[in-house]
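These entries record what I looked up in one structure. I began with the aromatic rings and went on to the strands and the charged side chains.

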Amino acid sequence: MIYPLPAVIVTCGTPERSNMLTVAWTGTVCTNPPMCYISVRPERYSYPLIRETMEFTINLTTASMARATDWVGVRSGADYDKWKETGLTPVRGEKVACPSIAESPLSIECRVKEIMSLGSHDMFIADVVNVLAAEELIDDSTGAFDLAAAGLLNYNHGQYFAQGSPLGRFGWSVRKQK
């Protein structure tokens with residue numbers, strides 16, 4: 001296993017019939033064009049919703065969302081209204097039919113390009129069609145999303161952790177000292 005992983009909540013379906021599930025098998029596939037993936041077990045309640053609409057939204061989670069993130073991952077949408085049970089707030093998708101989560105600091109709207117059956121999970125490879133970010137986490141000087149300030153949640157071998165302190169920026173180890 002490769003750890004730690006992001007603990008995200010994937011939303012899927014339509015405004016009339018939506019669901020959410022916790023996913024740790026997710027990541028970036030390509031930057032140009034922007035693409036990402038999620039891997040989902042075919043027996044999950046959300047699987048046919050994603051397959052029918054060919055859309056989903058990846059919602060990053062925070063330490064304050066840890067309880068809801070865990071609950072969404074261990075309960076089935078076939079038995080519960082996860083929105084009602086967790087108190088998370090659905091927000092109408094901008095470029096996709098499925099909602100995003102208002103409490104998420106960053107939501108990535110995706111359209112499925114390819115489905116790969118890999119064994120226990122099927123990988124949904126998707127184009128990123130829109131990104132929704134909490135405005136208070138956008139750095140005014142650079143326009144970049146402040147990941148450190150977001151307080152993101154990670155999953156590490158059965159446990160959830162708040163993201164730690166930054167240690168350096170990409171390339172800092174080789175930059176010339178002034």
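Entry 1, aromatic pairs. I searched the whole of this predicted model for paired rings, and the search returned 4 aromatic pairs. I then looked up Trp71 and Tyr80, whose rings lie 5.1 Å apart from centre to centre with 75° between the planes. I entered the pair as edge-to-face, because planes over 60 degrees apart count as such. For accessibility I noted 22% for Trp71, which is partly exposed. Tyr80 is likewise listed as partly exposed, at 33%.

Next I took Tyr155 and Tyr160. Their ring centres are 5.5 Å apart and their planes stand at 65°, so I recorded this pair as edge-to-face. Tyr155 counts as partly exposed at 24% relative accessibility. Tyr160 has a relative accessible area of 28% and is partly exposed. I also noted that Tyr155 and Tyr160 belong with Tyr3 to one aromatic cluster.

Entry 2, the strands around Tyr155. Where does Tyr155 sit with respect to Leu5? I found Tyr155 in β11, standing opposite Leu5. The two strands concerned are β1 and β11 (residues 153-156), and I recorded their pairing as antiparallel over 2 bridges. I then followed the sheet as a whole. It is open, is made of 3 strands and runs in the order β1-β11-β12, with antiparallel pairing. Its edge strands are β1 (5-6) and β12 (159-162), each of which pairs on one side only. By its number, Tyr160 falls within the range of β12 (159-162).

Entry 3, salt bridges. How many salt bridges does the structure hold? I counted 3. I looked up each of them in turn.

Arg17 and Glu52 form a salt bridge in which the closest N and O atoms are 3.9 Å apart. I accepted the contact because the cut-off is 4 Å. Arg17 lies in the loop between β2 (8-13) and β3 (18-23), whereas Glu52 belongs to helix α1 (residues 46-53), so the pair ties together parts that are 35 residues apart in sequence. I noted Arg17 as partly exposed, with a relative accessible area of 41%. Glu52 is exposed, at 58%.

For Glu43 and Arg41 I recorded a salt bridge with the closest N and O atoms 3.7 Å apart. Glu43 counts as exposed at 59% relative accessibility, while Arg41 is partly exposed at 36%.

The side chains of Arg111 and Glu55 meet in a salt bridge at 3.3 Å, N to O. I placed Arg111 in strand β9 (residues 106-117) and Glu55 in strand β6 (residues 55-60); the pair links distant parts of the chain, 56 residues apart. Is Glu55 buried or exposed? I found it buried, at 12% relative accessibility, because buried means under 20%. Its partner Arg111 counts as partly exposed, at 33%.

Entry 4, review. I went back over the pairs that join separate elements. Arg17 and Glu52 connect a loop with helix α1, and Arg111 and Glu55 connect strand β9 with strand β6. On the aromatic side, I closed with Tyr155, which stands opposite Leu5 and shares one cluster with Tyr3 and Tyr160.

Technical notes: Residues are numbered from 1 along each chain as its sequence is written. This is a predicted model: local features need pLDDT of at least 70, side-chain atom pairs count only at pLDDT 80 or more; totals for chains, interfaces and linings use all residues. Side-chain values use heavy atoms; hydrogens and water are left out. Helices (H or I, at least four residues) and strands (E, at least two) are DSSP runs, numbered from the N terminus. Buried means under 20% relative accessible area, exposed over 50%, partly exposed in between (1.4 Å probe, protein chains only). Two strands pair if DSSP finds at least two bridges between them. Rings of Phe, Tyr and Trp (its six-membered ring) pair if their centres lie within 6.5 Å; planes under 30 degrees apart count as stacked, over 60 as edge-to-face and the rest as tilted.
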